[in-house]
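Visitor: I should like to examine the terms applied to this structure, and the reasoning behind each of them.
Guide: Let us take them one by one.

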Amino acid sequence: MPTKRLNGSEMLIEALRLEGIKVIFGYPGGAVLNVYDEIFKQNYFRHILTRHEQGAVHAADGYARASGEVGVAIITSGPGFTNAVTGIATAYTDSIPLVIISGQVPISQIGTDAFQEIDAVGISRPCTKHNFLVKNIQELPRILKEAFYIAKSGRPGPVLVDLPKDISATYGEFDYPQEVSLRTYKPTTKGNSRQIKKVVEALKIAKKPLFYIGGGAIISNASNIIQQLIEKTQIPALETLMARGIIPDNHPCLLGMVGMHGTYAANMAMYECDLLISLGARFDDRVTGKVSEFAKYAKIVHIDIDPSSIGKIIDVNFPIVGDLKNVCKDILHFIEESGGYDKNIIKEWRDLLTKYKTTHPLKYNDSSEILKPQWVISKIGEILKDKALVVTDVGQHQMWAAQFYPFNFPRQFITSGGLGTMGFGLPAGMGAKLAKENKIVINITGDGSILMNIQELMTCVEQKIPVINVILNNNYLGMVRQWQSFFYENRFSHTDLSLQPDFVKLTEAFGGKGYRIETKEEFEEALKDAIHSNIPCMLDVVIDRMEHVLPMVPGGAPLNKMILE
Ligand SMILES: Cc1ncc(C[n+]2csc(CCOP(=O)(O)OP(=O)(O)O)c2C)c(N)n1
């Protein structure tokens with residue numbers, strides 16, 4: 001490709017075009033004025049002006065999670081960047097591919113405490129997969145190419161490009177590299193065959209094998225191959241919060257979600273199994289409970305594209321580094337090559353787990369007096385099924401959504417797992433809706449969480465992005481209150497939100513449609529109306545304030561010690 005002479009801002013626009021970016025999210029300011037001037041002139045991609053930088057990054061994140069593509073956000077220096085940090089950290093802990101462009105003060109002013117100067121590279125080091133400070137115009141094309149490559153390859157993550165203002169106006173030769181070659185970064189995508197054969201041998205003789213599926217299965221687009229593996233072997237499987245949707249919810253081999261608010265069957269299976277095959281999961285503390293008791297009878301297979309994740313929390317017997325999809329294909333191939341799999345060997349195990357499933361299903365006491373949050377989620381699932389993407393905030397409502405929505409396909413459930421960021425739902429829902437316009441996007445939120453990024457309702461209204469927000473309103477910081485109730489002898493320190501705004505009026509003030517809901521009939525009617533009206537909506541649903549999320553494994557307890565009632 002012949003080189004062109006462009007300034008830094010033009011280079012950025014050109015790189016975004018060459019990367020096939022269709023939508024970016026951002027918020028302007030002094031340090032990115034040159035970039036915004038070029039955004040004004042172009043018509044390759046849509047720019048969504050959010051109302052807060054955290055909203056911009058969560059929206060890019062929601063877009064990435066729903067589409068599987070890289071999300072892009074642009075922010076200014078100083079407070080613009082610090083506002084974005086929570087969004088960047090949220091994406092980092094859930095391995096979401098983002099490229100964040102932050103403006104920086106001119107090179108000559110770096111280190112002078114200049115107006116709106118902050119060390120973005122220093123601050124973001126622990127919460128980005130990689131970051132760059134662009135020091136001269138000639139390196140900009142290469143840095144941009146590498147940023148996209150690093151963000152989406154291997155274990156994905158956010159990459160920051162900090163762009164000083166003078167460089168965004170300096171001219172140089174634009175020669176966008178076709179390929180990236182980084183000497184110190186070459187992700188292994190193919191698993192070691194000898195090791196995979198050993199796993200197949202172990203799998204064939206295990207009496208209590210179990211698939212433990214994590215968010216890596218979604219990132220690797222491994223849902224189909226994992227389902228084939230399950231069909232072939234009938235080995236039971238459980239999903240982490242981040243993997244909800246990998247296996248259709250009604251699949252007989254699926255035991256449900258594992259971990260702190262996992263099902264009885266899933267947690268008991270994890271405790272009792274003799275071969276645990278981790279497919280893109282990272283042994284998070286919300287899953288393991290007490291580490292020394294975790295899967296203590298099992299040999300452990302850990303398949304992960306990130307070598308640094310293997311053996312980090314739990315000692316493993318069979319480490320396999322590789323892309324999950326490839327490794328699962330190889331496992332299936334070696335099973336067939338070695339004469340297939342005898343399902344009889346796990347009959348007793350399957351029978352036991354089926355018994356656990358039927359004797360201890362997820363349950364709640366419904367009421368005719370007051371709406372139960374579990375009923376609300378189940379009803380949304382019944383009405384919308386596969387037509388919806390479900391996004392959440394963080395708290396009890398998030399767990400009820402994970403437990404009671406009948407997820408059926410990967411990327412249907414979008415939630416902040418690792419960081420647990422309140423305020424994620426609405427902006428992430430906005431990004432998800434832009435990625436999947438033919439889906440109805442429901443944001444399940446709490447009356448605490450929704451106020452953390454409520455301003456993005458304005459963006460939704462302005463940009464005609466019809467996210468439907470459902471507040472499970474208990475006038476409490478419910479999840480924190482639940483911990484105070486269980487572990488702090490009901491000392492409810494600062495979790496009462498009795499005084500809240502009128503969410504209907506607030507929504508109307510932004511130009512959306514609001515509904516206050518107290519009965520089952522009102523809920524069904526409002527949801528149908530919200531879907532039909534196709535504008536941003538807020539369903540303020542009054543729920544039972546005292547409801548707890550159960551089962552619950554107390555923090556640090558073994559998985560078999562669940563609070564059930
Ligand atoms: C940004 C942020 N601050 C604080 C917390 C701690 N936290 C976890 S859940 C929760 C309560 C959430 O309340 P609400 O959104 O009303 O949801 P509910 O639990 O009532 O469903 C809090 C404060 C958090 N996860 N994120």
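**Terms and their grounds**

Guide: Strand β7 (residues 158–164) is mostly covered, seven of its seven residues being buried. The model in which this is found is a predicted one.

Visitor: What makes both faces of β7 count as covered?

Guide: On one side P158, L160, D162 and P164 are buried, and on the other side V159, V161 and L163 are buried as well.

Visitor: How do you know that strand β5 and β7 are paired?

Guide: Pairing requires at least two bridges between the strands. Strand β5 (residues 98–104) is joined to β7 by seven bridges, and the two run parallel; therefore they pair under that criterion. Within this pairing, I101 stands opposite V161.

Visitor: Which strand pairs with β7 over four bridges?

Guide: That strand is β6 (residues 130–133), and the sense is again parallel. Here F132 stands opposite V161.

Visitor: Why is D540 called buried?

Guide: The term buried applies under 20% relative accessible area. D540 has a relative accessibility of 2%, and so D540 counts as buried. The residue is found in strand β20 (residues 537–542).

Visitor: What makes the approach of D540 to R516 a polar contact?

Guide: The two side chains meet at 2.8 Å, and the limit for such a pair of N or O atoms is 3.5 Å. Leaving aside neighbours within four places in sequence, D540 is in contact with I471, N473, F503, Y515, R516 and I517.

Visitor: How many bridges join β19 to β20?

Guide: Five bridges join them, and the strands run parallel. One bridge partnership links G514 to M538 in β20.

Visitor: In what order do the strands of the open sheet stand?

Guide: The six strands follow the order β16-β15-β17-β18-β20-β19, with parallel pairing.

Visitor: Why are β16 and β19 said to stand at the edges?

Guide: β16 (413–414) and β19 (513–517) each have a single partner strand, so one side of each is left without a neighbour in the sheet.

Visitor: Why is T445 called buried?

Guide: T445 has a relative accessible area of 0%. The cut-off is under 20%, so the term applies to T445. The place of T445 is in strand β17 (residues 440–446). The side chain of T445 also makes a polar contact of 2.8 Å with the side chain of D393. Beyond four places in sequence, the contacts of T445 are D393, H397, I450, V470, I471 and L472.

Visitor: Why is I531 called partly exposed?

Guide: Buried means under 20% and exposed means over 50%. The relative accessible area of I531 is 26%, so I531 falls in between. I531 belongs to helix α21 (residues 520–533).

Visitor: Which residues does I531 contact, leaving aside its neighbours within four places in sequence?

Guide: They are I383, L384, I440 and I468. In addition, the C-alpha atoms of I531 and P466 are separated by 8.7 Å, although the two residues are 65 residues apart along the chain.

Visitor: Which residues of helix α10 are buried?

Guide: In α10 (residues 223–233), S223, I225, I226, L229, I230 and T233 are buried. The elements they pack against are α8 (193–205), β9 (209–213), α9 (216–219), β10 (237–239), β12 (275–279) and α13 (324–337). Just after α10, Q234 takes a positive phi of about 60°.

Visitor: What makes a positive phi worth noting?

Guide: Most residues other than glycine have a negative phi. A295 has a positive phi near 40°. A295 lies in the loop between α12 (285–288) and β13 (299–304). With a relative accessible area of 4%, A295 is buried. N475 has a positive phi near 50°, and N475 lies in the loop between β18 (468–473) and α19 (478–487).

Visitor: How do you know that the peptide bond from L550 to P551 is cis?

Guide: Its omega is near -5°. P551 lies in the segment after β20.

Visitor: What lines the second largest pocket?

Guide: The lining has 24 residues, and Y92, R155, D306, S308 and S309 lie nearest the centre. The lining divides into eight nonpolar, eight polar and eight charged residues. The space in this pocket is about 510 Å³.

Note on methods: Residues numbered from 1 in each chain as written. Predicted model: local features only at pLDDT ≥ 70, side-chain atom pairs only at ≥ 80, totals over all residues. Heavy atoms only, no water. Buried < 20%, exposed > 50% of the residue type's maximum accessible area, 1.4 Å probe, protein only. Polar contact = N/O pair within 3.5 Å; in protein donor to acceptor, adjacent residues only side chain to side chain. Contact = heavy atoms within 4.5 Å. 1 Å grid on protein atoms, 1.4 Å probe; cavity = no way out; pocket = protein on both sides within 12 Å on 5 of 7 lines; lining within 4 Å. Points joined across faces, edges and corners; volume = space filled by probe spheres on them. Nonpolar A, V, L, I, M, F, W, Y, C, P; charged D, E, K, R; others polar.
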